[in-house]
Amino acid sequence: MAKMKQSTATKTSVTNDAGSASFLCPNCGKTEIVRTKNERENVVKYVCEACGFTGPN
Ligand SMILES: [Zn+2]
């Protein structure tokens, strides 16, 4: 069973979101940051759960 991905910022499931993006935290590299297409377009901020890094600034 595939792991369900959730948006880091909104906890929205992004399983079927073709425009979503996921990447490791640019600060600590420990947490996978997941963003939906909508969040990227609206520049919704995310917070790393491990180090508290706030992006995408
Ligand atoms: Zn981090």
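# A guided tour of a predicted zinc-binding model

Among the elements of the protein, helix 1 (residues 37-41) carries the lowest mean pLDDT, 92, and strand 3 the highest, 96. The model is a predicted one. Colour the whole chain by confidence before going further: the mean pLDDT of the protein is 90, and 91% of its residues reach 70 or more.

**Stop 1: the zinc site**

Select the zinc ion together with Cys25, Cys28, Cys48 and Cys51. The SG atoms of these four cysteines are the protein donors of the ion, lying 2.3 Å from it. Which arrangement do the 4 donor atoms around the zinc ion adopt? They subtend angles of 106 to 112°, and the arrangement is therefore tetrahedral. For reference, the ideal angle for four tetrahedral donors is 109.5 degrees.

Now follow the donor residues along the sequence, where their spacing reads C-x2-C-x19-C-x2-C. Cys28 belongs to the loop between strand 1 (21-24) and strand 2 (32-35), while Cys48 belongs to the loop between strand 3 (46-47) and strand 4 (54-55), so this pair ties together parts that are 20 residues apart in sequence.

Display the solvent-accessible surface and select Cys28 and Cys48 in turn. Are they buried or exposed? Cys28 counts as partly exposed because its relative accessibility is 27%. Cys48, at 2% relative accessibility, counts as buried, since the cut-off for that class is under 20%.

**Stop 2: the largest pocket**

Next, select Gln6, Thr8, Glu32, Val34 and Glu49. Of the 11 residues that line the largest pocket, these are the closest to its centre. The space in this pocket amounts to about 200 Å³. Colour the lining by residue class: 2 of its residues are nonpolar, 4 are polar and 5 are charged.

**Stop 3: Thr36**

Move to Thr36, which is placed in the loop between strand 2 and helix 1. With a relative accessibility of 6%, Thr36 counts as buried. Add Val14 to the selection and draw a distance between the C-alpha atoms: Thr36 and Val14 are 22 residues apart along the chain, and these atoms are separated by 6.3 Å.

**Stop 4: the cis peptide bond**

Select Gly55 and Pro56 and inspect the bond that joins them. This is a cis peptide bond, with omega about 10°. Pro56 is placed in the segment after strand 4. At 39% relative accessibility, Pro56 counts as partly exposed. Then include Lys45, which is 11 residues from Pro56 along the chain; the C-alpha atoms of the two are separated by 6.1 Å.

**Stop 5: positive phi values**

Finish with two backbone positions. Where is Lys11 placed? Lys11 is found in the segment before strand 1. Its phi is near 65°, a positive value in a residue other than glycine. Lys11 is partly exposed, having a relative accessible area of 43%.

Turn last to Val43, in the loop between helix 1 and strand 3. Phi of Val43 is near 50°, again a positive value in a residue other than glycine.

Notes:
Residues are numbered from 1 along each chain as its sequence is written. This is a predicted model: local features need pLDDT of at least 70, side-chain atom pairs count only at pLDDT 80 or more; totals for chains, interfaces and linings use all residues. Side-chain values use heavy atoms; hydrogens and water are left out. Donors are N, O and S atoms within 2.8 Å of the metal (3.2 Å for Na, K and Ca); water is not among the atoms, so sites may look incomplete. Four donors count as tetrahedral if all angles lie between 85 and 135 degrees; four count as square planar and six as octahedral if opposite donors are over 155 degrees apart and all others between 65 and 115; anything else is irregular. Helices (H or I, at least four residues) and strands (E, at least two) are DSSP runs, numbered from the N terminus. Buried means under 20% relative accessible area, exposed over 50%, partly exposed in between (1.4 Å probe, protein chains only). On a 1 Å grid over the protein atoms alone, a cavity is a set of points where a 1.4 Å probe fits but cannot get out, and a pocket is an open set with protein on both sides within 12 Å along at least five of seven lines; lining residues have an atom within 4 Å of a point. Grid points are joined across faces, edges and corners, and a volume is the space filled by probe spheres set on the points. Ala, Val, Leu, Ile, Met, Phe, Trp, Tyr, Cys and Pro count as nonpolar, Asp, Glu, Lys and Arg as charged, and the others, Gly among them, as polar. pLDDT is the predictor's confidence in each residue, from 0 to 100.
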